Amino acid sequence: MSTSFSRLIILVVLIGLSTLGIFYYQFHSSVTSYEDKVYEQVSQRSHALAIKQREIVRAKMYELDRVLLTLRDAVKNEQFNQQQLEELMSLQKSYNQEIADFLLLDSQGMMTAWTRAEPMPIVKDRDYFQWQLNQPEDQVFLSSIQVARVEEPFTFFAMSRKITNDQGDFIGVIVATVDIFKFSSTLDDQLFDGRLTHVLVNDESKIIFRLPFAADFINQPLASLDKYGNNIPDQDSYIVLSPFDSINRLVTFQRVPNWPLIVYIGENLSYADQLITEFTTKEQKRWGALAVFIVLLGVIIIALLKRRYDNALQILQQRKELDDYHHRNRAILEAMPDLVFTLDKSGIILDYQSSSDELLFMSPDQFIGRSFIDVMPQTVAENGYFLLNQVIKTGKLQLYEYPLTIKDQDLYFELRMSKIDDDNILAMARDITARKQAEKQLTWQATHDALTRLPNRVLFYDRLSQAVTKSLRQPSPFALLYLDINGFKPVNDTLGHSIGDQLLIEFSQRLQQHLRASDTFARLAGDEFAIILFDCLSEAKAQELVDKLHDLIEKPFMINTHEILISASIGLIWTNRWEGSVDALVNSADQAMYREKHFQKQEKQDTAR
């Protein structure tokens with residue numbers, strides 16, 4: 001009797017220690033899972049913002065390059081004299097706040113025109129001239145970070161384009177110097193809270209700017225990129241301790257396509273670490289209380305064993321039931337759902353648990369005891385039944401996302417299934433509608449203009465690429481219209497930018513009402529717009545629309561109490577098979593627009609005579 005009792009005491013102690021070990025394992029797993037979830041959310045947020053910033057930087061660089069190309073065309077146009085060129089350069093500078101100066105250099109690197117009144121500095125030793133001088137092909141070039149040689153020096157990087165004559169001989173370089181501080185200010189409003197930093201880096205791993213802006217960081221090497229050597233990937237994420245401010249950050253970078261630039265987003269992890277610490281403390285208290293409870297329970301059991309040895313088998317059986325219940329609860333904790341269903345292996349719903357019946361598309365008494373296939377929509381049921389068989393077959397957790405309409409609301413759910421035992425499956429559904437809506441909103445913001453709500457340059461180029469590709473596969477005629485508003489700047493200068501913005505909105509709405517739903521109407525920059533007419537059968541049809549648009553645009557606009565009269569120059573390119581590049585097509589439409597603008601100006605002068 002004594003030996004048997006001692007063995008029971010040892011058994012109870014071992015069971016108690018095992019239970020405490022299981023509690024510790026659960027505590028550690030819970031904290032680790034929460035930590036992974038927090039860092040995953042930080043990573044997803046940083047990744048989404050990095051993509052957004054990458055597209056904004058790319059669009060801005062393309063916009064500045066278009067300005068350079070426009071000025072280069074003007075230089076090559078013999079009808080522009082020196083004064084007109086300088087006026088055009090100054091006008092473009094006023095339109096683009098990031099541009100500090102435009103410089104026109106001859107083939108020897110001597111400056112022939114620029115947008116300042118002070119003496120012209122010697123810049124023929126600058127890399128933006130030397131590179132174009134030695135580069136046989138026509139390519140845009142971004143210089144290293146430099147300091148201006150003027151009375152009030154500023155830090156800049158330069159964008160340059162080669163100028164050649166009709167015979168292809170090198171005759172000079174057109175240069176735009178980009179003020180780094182002003183360029184960074186156009187992106188500063190994208191940072192939605194103080195935990196984020198945004199760094200723009202060139203291919204030499206040198207910092208162009210850092211937001212929040214600090215001049216001391218400019219041209220400093222970004223040490224965390226050294227590990228890649230000369231093989232920096234297009235994107236990556238990692239945790240790093242910043243050498244600048246000794247703050248631990250999770251960083252994500254994205255290479256800007258077609259430009260030697262890298263967008264680098266870092267989020268301060270102190271808030272995430274604080275959340276993890278608070279959660280760990282809470283779990284310590286919860287599991288500590290359970291551990292104390294288990295210890296007390298063990299003492300009570302031992303005391304009861306002294307008096308009621310006869311009940312040992314019953315106590316062991318109760319402990320087995322408690323252990324089974326604990327395994328079921330562990331499966332529930334791993335999934336952390338909004339809705340919990342228990343199914344048998346044939347798909348019959350046995351029960352459910354939910355904090356609210358609002359997420360159910362039918363009352364519980366309509367689906368408990370029925371097959372999963374009978375009560376769910378067909379597509380969801382088929383995929384759900386496939387997951388159930390996979391759980392039975394592999395014993396591993398299975399995931400599936402699906403849409404569902406509940407009480408006239410379109411919702412999205414994530415379904416998780418895990419195995420309880422050989423006969424029962426735990427199915428858990430989590431509402432992920434907010435996440436899906438956030439992803440959709442981010443996508444819209446990256447492809448549309450915030451003022452006019454029209455497609456922006458990014459989406460425009462994507463649609464135009466589709467039209468060109470389709471025309472190469474089969475005869476598929478389309479037309480490209482390039483629009484520039486005449487008289488828009490005086491509206492801004494005399495009536496204010498708010499009136500100018502409202503004019504752009506009403507201009508967009510008026511034209512959009514007379515376009516087909518299949519056409520693409522996009523705002524490229526400022527008062528420049530473009531229209532893609534898909535399946536446009538003839539150039540005559542496209543010209544009819546151009547004439548109609550002229551009539552629409554020249555009708556007065558009533559903005560508040562102001563009657564505003566404007567016109568537009570519209571360049572038209574029609575083709576049923578475009579074999580050149582998308583940029584070449586846009587350049588052709590741009591040139592056609594400038595020819596019409598010149599014709600309109602000449603016609604106005606002839607009328608005045």
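**Strand 17 and its surroundings**

Mentor: Let us begin with strand 17, from which Phe478, Leu480, Tyr482, Asp484 and Asn486 point one way and Ala479, Leu481, Leu483 and Ile485 the other way, and all are buried, where buried means under 20% relative accessible area, exposed means over 50% and partly exposed lies in between (1.4 Å probe, protein chains only). Helices (H or I, at least four residues) and strands (E, at least two) are DSSP runs, numbered from the N terminus. This is a predicted model, in which local features need pLDDT of at least 70 and side-chain atom pairs count only at pLDDT 80 or more, while totals for chains, interfaces and linings use all residues. Residues are numbered from 1 along each chain as its sequence is written, and side-chain values use heavy atoms, with hydrogens and water left out.

Trainee: How many of the residues of strand 17 are buried?

Mentor: In a regular strand the side chains alternate between the two faces of the sheet. In strand 17, the residues pointing one way, including Tyr482, and those pointing the other way, including Leu483, are all buried. Strand 17 is therefore mostly covered, by the cut-off of under 20%, and the number of its buried residues is nine of nine.

Trainee: In what order do the four strands of the open sheet with strand 17 stand?

Mentor: Two strands pair if DSSP finds at least two bridges between them. Strand 17 pairs in the antiparallel sense with strand 19 (residues 528-534) over seven bridges, and with strand 22 (residues 567-575), also antiparallel, over nine bridges. The pairing in this open sheet is antiparallel, and the order of its four strands is 18-19-17-22.

Trainee: Which strands stand at the edges of that sheet, and why is one side of each left without a neighbour?

Mentor: The order of the strands is 18-19-17-22. Because each edge strand has a single partner strand, one side of each is left without a neighbour in the sheet, and the strands in question are strand 18 (520-525) and strand 22.

Trainee: Which residue in strand 22 is the bridge partner of Tyr482?

Mentor: On the strand 19 side, Leu480 stands opposite Ile532, and the bridge partner of Phe478 is Phe534. In strand 22, the bridge partner of Tyr482 is Gly571.

Trainee: At about what angle does helix 12 run to strand 18?

Mentor: Axes are lines fitted to C-alpha atoms, for helices over the stretch in contact, and angles run from 0 to 180 degrees between N-to-C directions. Helix 12 lies across strand 17, strand 18 and strand 19, and its angle to strand 18 is about 155 degrees.

Trainee: Which elements do the buried residues of helix 11 pack against?

Mentor: In helix 11 (residues 488-495), the buried residues are Phe488, Val491 and Asn492. They cover an arc of only 95 degrees around the axis, which puts them on the same side of helix 11, the arc being that of the directions from the helix axis to the C-beta atoms. The face turned away from this buried side carries the exposed residues Asp493 and Thr494. With contact meaning heavy atoms within 4.5 Å, the buried residues pack against strand 17 (478-486), helix 12 (497-512) and strand 21 (562-564).

Trainee: How many residues in the contact of helix 11 with helix 12 are charged?

Mentor: The axes of helix 11 and helix 12 come within 7 Å and cross at roughly 145 degrees. Phe488, Val491, Asn492 and Leu495 in helix 11 meet His497, Ile499, Gly500, Leu503 and Leu504 in helix 12. Counting Ala, Val, Leu, Ile, Met, Phe, Trp, Tyr, Cys and Pro as nonpolar, Asp, Glu, Lys and Arg as charged, and the others, Gly among them, as polar, the contact has six nonpolar residues and three polar, and the number of charged ones is none.

Trainee: Is Gln254 buried or exposed, and which side chain does its own side chain join in a polar contact?

Mentor: Gln254 lies in strand 10 (residues 248-255) and, at 2% relative accessibility, counts as buried. A polar contact is a pair of N or O atoms within 3.5 Å; within protein, one must be able to donate a hydrogen and the other to accept it, and residues adjacent in sequence count only if both atoms are side-chain atoms. At 3.0 Å, the side chain of Gln254 is joined to that of Arg54.
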